[in-house]
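Grab a viewer and work through these exercises one at a time. Try each task yourself before reading its solution.

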Amino acid sequence: AYEQFLHFFSASELRPSVQFRVASLRFATGDYAQAAVDFTGVLESKVSDETSRAARYNLGLCQIQLGMIEEARATLELFRKEQPSGDSRVSDVAYRLGELHERAGQHKEAIAEYEKALAASPGAQLAVELHYRTGTCREGLGEQDAALAAYRRAVAAGNRSNAYHVMSLA
């Protein structure tokens with residue numbers, strides 16, 4: 001129904017909202033290439049700042065899934081510049097940028113992003129992941145003591161009621 005609307009009412013002022021919805025549905029089903037096209041279309045339209053930020057954030061996630069690493073990095077950096085203080089995606093964007101640096105073997109840059117994510121008070125599950133990733137980056141830099149300290153912070157931040165999860169971090 002959404003795609004029919006886009007086809008028949010291409011000049012409608014509702015087009016960007018419908019296109020954002022279609023892009024989100026495509027993303028949810030794993031059609032990242034078409035979702036990226038749709039999110040780009042939303043960004044080229046006159047939409048609210050929040051819709052524009054959401055489209056940019058989701059475009060960055062699509063680009064990661066498509067292996068477009070440099071494009072994803074640029075998109076997420078632009079998102080971060082436009083992001084208002086207090087946005088709930090602060091931690092996630094820093095985490096994603098850190099992950100991109102880590103994949104590229106840029107451990108110092110990854111650690112800096114993970115620390116930004118931690119400073120933004122992420123949820124408990126993300127905090128565990130951030131400490132763990134910091135540890136792996138520290139190991140990659142040959143900083144064994146710092147790596148061990150990061151792993152300990154991951155265990156301390158974890159859900160102790162989930163023994164399997166705590167053991168996987170140990």
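**Exercise 1. Find how many salt bridges the structure holds, then work out what the one between Arg-56 and Glu-82 ties together.**

Step 1. Set the rule: a salt bridge needs a side-chain nitrogen of Lys or Arg within 4 Å of a carboxyl oxygen of Asp or Glu. With that rule, the structure holds 14 salt bridges.

Step 2. Know what you're working with. This is a predicted model, in which local features need pLDDT of at least 70 and side-chain atom pairs count only at pLDDT 80 or more, while totals for chains, interfaces and linings use all residues. Residues are numbered from 1 along each chain as its sequence is written, and side-chain values use heavy atoms, with hydrogens and water left out.

Step 3. Zoom in on Arg-56 and Glu-82: their closest N and O atoms are 3.0 Å apart, and they form a salt bridge. Arg-56 belongs to helix α4 and Glu-82 to helix α5, so this pair ties together parts that are 26 residues apart in sequence. (Helices are DSSP runs of H or I, at least four residues, numbered from the N terminus.)

Step 4. Check accessibility, where buried means under 20% relative accessible area, exposed over 50%, and partly exposed in between, using a 1.4 Å probe and protein chains only. Arg-56 comes out as buried at 14%, whereas Glu-82 is partly exposed at 34%.

**Exercise 2. Which residues are joined with Glu-113 and Arg-80 into one salt-bridge network?**

Step 1. Start from the pair itself: the side chains of Glu-113 and Arg-80 meet in a salt bridge, 2.8 Å from N to O. Glu-113 is in helix α7 and Arg-80 in helix α5, so the pair ties together parts 33 residues apart in sequence.

Step 2. Look at the accessibility of each partner. Glu-113 counts as buried at 5%, and Arg-80 is partly exposed at 21%.

Step 3. Follow the shared partners: salt bridges join Glu-77, Arg-80, Glu-113 and Lys-116 into one network.

**Exercise 3. Where does Ala-94 sit, and which residues does Ala-94 touch?**

Step 1. Place Ala-94: this residue is in helix α6. Ala-94 is buried, with a relative accessible area of 1%.

Step 2. List its contacts (heavy atoms within 4.5 Å), not counting residues up to four places away in sequence. Ala-94 touches Arg-80, Glu-113, Lys-116 and Ala-117.

Step 3. Bring in Glu-77, which is 17 residues away from Ala-94 along the chain; their C-alpha atoms are separated by 9.1 Å.

**Exercise 4. Compare the expected span of α6 with the model, then say what the buried residues of α6 pack against.**

Step 1. Compute the expected span as 1.5 Å times one less than the number of residues. For the 14 residues of α6 (residues 90-103) that should be 20 Å, and the end C-alpha atoms are 20 Å apart, which agrees.

Step 2. Count burial: 11 of the 14 residues are buried, so α6 is largely enclosed by the rest of the structure. Among them are Val-93, Tyr-95, Leu-97 and Leu-100.

Step 3. Find the neighbours. The buried residues of α6 pack against α4 (49-65), α5 (69-82), α7 (107-119) and α8 (124-140).

Step 4. Look past the helix: α6 is followed by Gly-105, whose phi is positive, near 75°.

**Exercise 5. How many aromatic pairs are there, and how are the rings of Tyr-57 and Phe-79 arranged?**

Step 1. Set the rule: rings of Phe, Tyr and Trp (its six-membered ring) pair if their centres lie within 6.5 Å, and planes under 30 degrees apart count as stacked, over 60 as edge-to-face and the rest as tilted. The count comes to five aromatic pairs.

Step 2. Warm up on Phe-27 and Tyr-32, an edge-to-face pair with 5.1 Å centre to centre and 70° between the planes. Phe-27 is partly exposed at 25%, and Tyr-32 is partly exposed at 23%.

Step 3. Now take Tyr-57 and Phe-79: this pair is tilted, at 5.5 Å centre to centre and 45° between the planes. With Tyr-57 in helix α4 and Phe-79 in helix α5, the pair links distant parts of the chain, 22 residues apart. Both Tyr-57 and Phe-79 are buried.

Notes:
Helix = DSSP H or I, 4+ residues; strand = E, 2+ residues; numbered from the N terminus. Contact = heavy atoms within 4.5 Å.
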